[in-house]
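Ready for some exercises with the model open beside you? Try each task by yourself, then follow the worked solution.

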Amino acid sequence: MKKSIAAVIGLSAVLCLVIFSVGCVGNADQNGVTAGDETVISQYIADYIPQVETVQLATSSASGVPNVATMSTIMTDGNRIIIGNGYMDKTLKNLQENPRAAVLVQNTDEGFSLQFKGTTEIKTDTEEHILMKELVEEKFGDSEFLKNVVVITVTEVYNSMLGENAGQRIAWPHSSFFRIIIRLAVCIADSGQNPGL
Ligand SMILES: Cc1cc2nc3c(=O)[nH]c(=O)nc-3n(C[C@H](O)[C@H](O)[C@H](O)COP(=O)(O)O)c2cc1C
């Protein structure tokens with residue numbers, strides 16, 4: 001009897017947790033990345049990319065031939081890294097046939113080296129392209145060479161430093177269960193900050 005009461009209580013608790021969590025997770029975006037994940041990835045982007053003058057953009061052809069090129073026209077927007085295309089050759093061809101990229105962001109004097117990996121889109125005459133033109137015009141006094149922009153939606157961040165954590169993934173879209181737990185924590189933290197809601 002005691003066992004069945006405990007089972008009913010346990011089951012009800014799990015059910016409540018699931019119902020509450022599903023309500024919280026409802027605002028996951030169309031890629032299934034929750035605000036919690038995006039926040040972490042966006043934070044890495046916002047914290048580290050402004051500290052570098054250039055990044056290394058790695059791409060690969062459909063058949064797996066790798067390529068890497070230095071890029072200096074860089075903007076960020078949440079979990080997106082946006083790079084201006086003025087001179088991309090193999091990079092652009094690769095992205096047209098295989099829309100994935102890795103970006104190495106490194107300043108060893110400041111003690112960091114990070115890899116950002118994600119999916120890419122090439123955008124012409126969009127808001128991002130116009131904004132990049134304004135930025136480049138301001139920086140170099142000319143933006144005519146800017147054909148379009150590569151928008152990288154970052155899905156994973158890796159530690160690229162020396163030492164025991166070298167190569168480890170430090171931010172990524174978590175499994176559904178993990179996502180629910182993270183989202184739950186974010187919901188609880190948010191409700192604590194907004195007692196009126
Ligand atoms: C310091 C530096 C900054 C660069 N910045 C950019 C950039 O922001 N955009 C771009 O299209 N090419 C830039 N380039 C040129 C690329 O590194 C590269 O030459 C071009 O993409 C062609 O190489 P690929 O065939 O590997 O794409 C830059 C080169 C250097 C040396």
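Before starting, take one cut-off along: a residue counts as buried if 20 or more other C-beta atoms lie within 10 Å of its own, as exposed if 12 or fewer do, and as partly exposed in between. Keep in mind too that this is a predicted model.

**Exercise 1. The overall layout**

Task: Find how many helices and strands the protein has, and in what order they run.

Solution. Start with the count: there are five helices and eight strands. Next, walk along from the N terminus, and the order reads α-α-β-β-β-β-α-β-β-α-β-β-α. Then apply the burial cut-off, and 23% of the 197 residues come out as buried. Finally, take the contacts between residues at least 6 apart in sequence: 64% of them join residues at least 24 apart.

**Exercise 2. Following the strand pairing**

Task: Trace the pairing from β2 through β1, β5 and β6 to β7, and give the sense of each pair.

Solution. Step one: β1 and β2 are antiparallel partners, joined by six bridges. Ser60 faces Pro66 of β2 in this pair. The two strands make a hairpin with five residues between them, and in its turn Gly64 has a positive phi of about 95 degrees.

Step two: β1 also pairs with β5, again in the antiparallel sense, over three bridges. Here Leu57 has Val103 of β5 as its bridge partner.

Step three: β5 (residues 100-107) pairs with β6 (residues 112-123) over eight bridges, in the antiparallel sense. Val105 is bridged to Leu114 in β6. This is another hairpin, with four residues between the strands, and Gly111 in the turn has a positive phi of about 85 degrees.

Step four: β6 runs antiparallel to β7 (residues 148-159), and 10 bridges join them. Look for Thr120, which stands opposite Ile152 of β7.

**Exercise 3. The two faces of a strand**

Task: Sort the residues of β1 into a covered face and an uncovered one.

Solution. Go along the strand and take every other residue. Val55, Leu57 and Thr59 form the covered face. Gln56, Ala58 and Ser60 form the uncovered one.

**Exercise 4. The buried side of α3**

Task: Which residues of α3 are buried, and why do they lie on the same side of the helix?

Solution. With the cut-off from the start, Thr91, Asn94 and Leu95 are buried in α3. They lie on the same side of α3 because they cover an arc of only 95 degrees around the axis. Now ask what they pack against: the buried residues of α3 meet β1 (55-60), β2, β5, β6 and β7.

**Exercise 5. The shell around the ligand**

Task: Describe the residues that surround the ligand, and name the element that gives the most to the shell.

Solution. Begin with the count: 15 residues surround the ligand, and the closest are Ser72, Thr73, Asp89, Lys90 and Thr91. Two or more residues each come from β2 (66-71), β4 (80-85) and α3 (90-97). Of the elements, β2 gives the most, with four residues. Sorted by type, the shell holds four nonpolar, nine polar and two charged residues.

**Exercise 6. The largest nonpolar core**

Task: Work out which element supplies the largest share of this core.

Solution. The largest nonpolar core has 26 residues, and those touching the most other members are Ile81, Ile83, Val103, Phe116, Ile152, Val154 and Val157. At least two residues each come from α2 (35-48), β1, β4, β5, β6, α4 and β7. The largest share is that of β7, with seven residues. To see one member up close, select Ile81: beyond its neighbours within four places in sequence, its contacts include Ile45, Ile49, Ile74 and Thr76. Val103, Phe116, Ile152 and Val154 are also among the contacts of Ile81.

**Exercise 7. Two acidic side chains**

Task: Is Asp125 buried or exposed? Do the same for Glu137.

Solution. Asp125 lies in the loop between β6 and α4. Asp125 has 9 C-beta neighbours inside 10 Å, so it counts as exposed. Check its backbone as well: most residues other than glycine have a negative phi. Asp125, however, has a positive phi, near 55 degrees.

Glu137 sits in helix α4 (residues 127-140). Glu137 has 13 other C-beta atoms within 10 Å, so it is partly exposed. Setting aside residues up to four places away in sequence, Glu137 touches Asp142 and Ser143.

Technical notes: Residues numbered from 1 in each chain as written. Predicted model: local features only at pLDDT ≥ 70, side-chain atom pairs only at ≥ 80, totals over all residues. Pairing = 2+ DSSP bridges. Contact = placed C-beta atoms within 7 Å. Near = placed C-beta within 6 Å. Nonpolar A, V, L, I, M, F, W, Y, C, P; charged D, E, K, R; others polar. Arc of directions from axis to C-beta. Core = buried A, V, L, I, M, F, W, Y, C linked by C-beta atoms within 7 Å.
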